[in-house]
Amino acid sequence: MPAESPGDPETVARAICLRLLTDRARTRSELAGVLHRRGVPDGVADQVLGRFSEVGLIDDATFAEQWVRSRHTSRGLARRALAVELRRKGVAKEVADEALADVDAESERRKARELIDRRLRTLAMDGPKDRAKAGQRLLGMLARKGYPVGVATEVVRAALAEHGAEEDELGPVDFG
(Lines give C-alpha, C1' and ligand atoms only; values in the text may rest on other atoms or scores of the structure.)
Protein backbone atom coordinates (compact mmCIF):
# COMPACT_ATOMS: atom_id res chain seq x y z
CA MET A 1 0.00 0.00 0.00
CA PRO A 2 1.44 3.45 -0.81
CA ALA A 3 2.59 5.86 1.86
CA GLU A 4 -0.12 7.99 3.42
CA SER A 5 0.97 11.37 2.17
CA PRO A 6 4.12 13.37 1.83
CA GLY A 7 5.37 14.46 5.20
CA ASP A 8 7.58 13.34 7.96
CA PRO A 9 7.12 9.70 9.06
CA GLU A 10 6.12 10.69 12.61
CA THR A 11 3.23 12.83 11.38
CA VAL A 12 2.14 10.06 9.03
CA ALA A 13 2.32 7.48 11.85
CA ARG A 14 0.29 9.66 14.22
CA ALA A 15 -2.35 10.27 11.55
CA ILE A 16 -2.65 6.56 10.78
CA CYS A 17 -2.97 5.63 14.45
CA LEU A 18 -5.49 8.35 15.25
CA ARG A 19 -7.66 7.39 12.28
CA LEU A 20 -7.61 3.71 13.25
CA LEU A 21 -8.32 4.46 16.90
CA THR A 22 -11.40 6.52 16.01
CA ASP A 23 -13.03 3.36 14.59
CA ARG A 24 -12.40 1.17 17.63
CA ALA A 25 -9.80 0.43 20.28
CA ARG A 26 -6.80 -1.46 18.97
CA THR A 27 -3.82 -3.22 20.45
CA ARG A 28 -0.30 -1.93 20.17
CA SER A 29 0.52 -4.95 18.01
CA GLU A 30 -2.32 -4.25 15.58
CA LEU A 31 -1.21 -0.64 15.16
CA ALA A 32 2.45 -1.64 14.80
CA GLY A 33 1.46 -4.05 12.03
CA VAL A 34 -0.44 -1.37 10.14
CA LEU A 35 2.41 1.12 10.50
CA HIS A 36 4.88 -1.48 9.23
CA ARG A 37 2.69 -2.27 6.20
CA ARG A 38 2.40 1.45 5.47
CA GLY A 39 6.17 1.82 5.39
CA VAL A 40 6.67 3.75 8.63
CA PRO A 41 10.21 3.11 9.93
CA ASP A 42 10.26 0.85 13.01
CA GLY A 43 11.98 3.44 15.19
CA VAL A 44 9.37 6.07 14.39
CA ALA A 45 6.55 3.57 14.91
CA ASP A 46 7.95 2.58 18.34
CA GLN A 47 8.24 6.24 19.33
CA VAL A 48 4.67 7.11 18.26
CA LEU A 49 3.20 3.96 19.81
CA GLY A 50 5.12 4.61 23.02
CA ARG A 51 3.73 8.12 23.23
CA PHE A 52 0.19 6.92 22.51
CA SER A 53 0.59 4.35 25.29
CA GLU A 54 1.87 6.99 27.72
CA VAL A 55 -1.19 9.18 27.19
CA GLY A 56 -3.59 6.22 27.39
CA LEU A 57 -4.70 6.02 23.76
CA ILE A 58 -3.29 2.50 23.54
CA ASP A 59 -3.82 0.17 26.50
CA ASP A 60 -3.72 -3.54 25.78
CA ALA A 61 -5.04 -4.47 29.24
CA THR A 62 -8.12 -2.28 28.89
CA PHE A 63 -8.59 -3.47 25.30
CA ALA A 64 -8.44 -7.11 26.43
CA GLU A 65 -10.94 -6.59 29.27
CA GLN A 66 -13.41 -4.84 26.98
CA TRP A 67 -12.91 -7.39 24.20
CA VAL A 68 -13.52 -10.33 26.53
CA ARG A 69 -16.60 -8.76 28.12
CA SER A 70 -18.08 -7.79 24.75
CA ARG A 71 -17.38 -11.03 22.88
CA HIS A 72 -18.46 -13.26 25.78
CA THR A 73 -21.68 -11.31 26.27
CA SER A 74 -22.71 -10.63 22.67
CA ARG A 75 -21.26 -13.61 20.77
CA GLY A 76 -21.21 -16.13 23.61
CA LEU A 77 -17.58 -17.04 23.09
CA ALA A 78 -15.90 -19.23 25.70
CA ARG A 79 -12.49 -18.67 27.31
CA ARG A 80 -10.64 -20.78 24.76
CA ALA A 81 -12.01 -18.89 21.74
CA LEU A 82 -11.45 -15.54 23.46
CA ALA A 83 -7.84 -16.48 24.25
CA VAL A 84 -7.24 -17.32 20.59
CA GLU A 85 -8.72 -14.00 19.46
CA LEU A 86 -6.60 -12.03 21.93
CA ARG A 87 -3.47 -13.88 20.83
CA ARG A 88 -4.27 -13.02 17.19
CA LYS A 89 -4.58 -9.38 18.18
CA GLY A 90 -1.13 -9.45 19.76
CA VAL A 91 -2.16 -9.24 23.41
CA ALA A 92 0.49 -10.67 25.73
CA LYS A 93 -0.45 -13.96 27.42
CA GLU A 94 -0.28 -12.47 30.93
CA VAL A 95 -2.54 -9.58 29.93
CA ALA A 96 -4.97 -11.97 28.21
CA ASP A 97 -5.03 -14.30 31.22
CA GLU A 98 -5.91 -11.38 33.48
CA ALA A 99 -8.75 -10.30 31.18
CA LEU A 100 -10.04 -13.87 30.92
CA ALA A 101 -10.18 -14.31 34.70
CA ASP A 102 -13.77 -13.03 34.78
CA VAL A 103 -14.95 -15.81 32.46
CA ASP A 104 -15.11 -18.67 34.95
CA ALA A 105 -16.68 -22.10 34.54
CA GLU A 106 -20.04 -20.96 35.90
CA SER A 107 -20.13 -17.97 33.57
CA GLU A 108 -19.34 -20.24 30.62
CA ARG A 109 -22.03 -22.72 31.67
CA ARG A 110 -24.61 -19.95 32.02
CA LYS A 111 -23.76 -18.41 28.63
CA ALA A 112 -23.75 -21.84 26.95
CA ARG A 113 -27.22 -22.51 28.31
CA GLU A 114 -28.48 -19.13 27.04
CA LEU A 115 -27.13 -19.94 23.59
CA ILE A 116 -28.71 -23.39 23.64
CA ASP A 117 -32.09 -22.12 24.82
CA ARG A 118 -32.11 -19.45 22.11
CA ARG A 119 -31.18 -21.97 19.42
CA LEU A 120 -33.69 -24.58 20.63
CA ARG A 121 -36.54 -22.23 19.82
CA THR A 122 -35.74 -22.59 16.12
CA LEU A 123 -35.07 -26.34 15.96
CA ALA A 124 -37.75 -28.90 15.14
CA MET A 125 -37.71 -31.78 17.61
CA ASP A 126 -40.71 -33.92 16.80
CA GLY A 127 -39.09 -37.23 17.58
CA PRO A 128 -35.98 -39.00 18.77
CA LYS A 129 -34.13 -38.52 15.46
CA ASP A 130 -34.85 -34.78 15.46
CA ARG A 131 -33.68 -34.46 19.05
CA ALA A 132 -30.49 -36.41 18.30
CA LYS A 133 -29.77 -34.23 15.26
CA ALA A 134 -30.52 -31.11 17.30
CA GLY A 135 -28.14 -32.32 20.00
CA GLN A 136 -25.30 -32.77 17.53
CA ARG A 137 -25.94 -29.34 16.01
CA LEU A 138 -25.99 -27.72 19.43
CA LEU A 139 -22.75 -29.46 20.42
CA GLY A 140 -21.17 -28.27 17.17
CA MET A 141 -22.27 -24.69 17.81
CA LEU A 142 -20.75 -24.73 21.29
CA ALA A 143 -17.55 -26.33 20.01
CA ARG A 144 -17.13 -23.57 17.42
CA LYS A 145 -17.52 -21.01 20.19
CA GLY A 146 -14.73 -22.66 22.19
CA TYR A 147 -16.68 -24.42 24.94
CA PRO A 148 -15.05 -27.41 26.63
CA VAL A 149 -16.54 -30.79 25.74
CA GLY A 150 -17.71 -31.44 29.30
CA VAL A 151 -19.57 -28.15 29.64
CA ALA A 152 -21.13 -28.44 26.18
CA THR A 153 -22.28 -32.00 26.73
CA GLU A 154 -23.70 -31.26 30.16
CA VAL A 155 -25.64 -28.21 29.00
CA VAL A 156 -26.97 -29.81 25.81
CA ARG A 157 -28.07 -32.99 27.62
CA ALA A 158 -29.86 -30.96 30.30
CA ALA A 159 -31.61 -28.77 27.74
CA LEU A 160 -32.70 -31.72 25.61
CA ALA A 161 -33.91 -33.60 28.68
CA GLU A 162 -36.18 -30.65 29.43
CA HIS A 163 -37.57 -31.07 25.91
CA GLY A 164 -38.39 -34.75 26.44
CA ALA A 165 -35.21 -36.36 25.15
CA GLU A 166 -34.05 -39.67 26.56
CA GLU A 167 -30.51 -39.95 27.91
CA ASP A 168 -29.27 -42.01 24.94
CA GLU A 169 -30.75 -39.82 22.20
CA LEU A 170 -27.77 -37.50 22.08
CA GLY A 171 -25.55 -40.37 21.05
CA PRO A 172 -21.77 -40.33 21.27
CA VAL A 173 -20.19 -36.95 21.71
CA ASP A 174 -17.66 -36.16 19.00
CA PHE A 175 -16.02 -32.77 18.78
CA GLY A 176 -13.72 -34.29 16.17
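I take buried to mean under 20% relative accessible area, exposed over 50%, and partly exposed in between (1.4 Å probe, protein chains only). This is a predicted model, where local features need pLDDT of at least 70 and side-chain atom pairs count only at pLDDT 80 or more, while totals for chains, interfaces and linings use all residues. Residues are numbered from 1 along each chain as its sequence is written, and side-chain values use heavy atoms, leaving out hydrogens and water.

**Salt bridges**

I looked up salt bridges (a side-chain nitrogen of Lys or Arg within 4 Å of a carboxyl oxygen of Asp or Glu) and found 13 in the structure. Arg71 pairs with Glu85, with the closest N and O atoms 2.5 Å apart. This pair links helix 4 (residues 60-75), home of Arg71, to helix 5 (residues 79-88), home of Glu85, across 14 residues; helices here are DSSP runs (H or I) of at least four residues, numbered from the N terminus. Both Arg71 and Glu85 are buried.

Next I checked Asp97 and Lys93, which form a salt bridge at 2.9 Å, N to O. They sit about one helical turn from each other, because they are 4 residues apart in helix 6. Lys93 is exposed at 56% relative accessible area, and Asp97 is partly exposed at 36%.

**Nonpolar core**

My last stop was the largest nonpolar core (buried Ala, Val, Leu, Ile, Met, Phe, Trp, Tyr and Cys joined through side-chain atoms within 4.5 Å). Of its 19 residues, those touching the most other members include Ile116, Leu138 and Tyr147. Helix 7, helix 8 (128-144) and helix 9 (149-162) each give two or more residues to this core, and helix 9 has the largest share, 6 residues.
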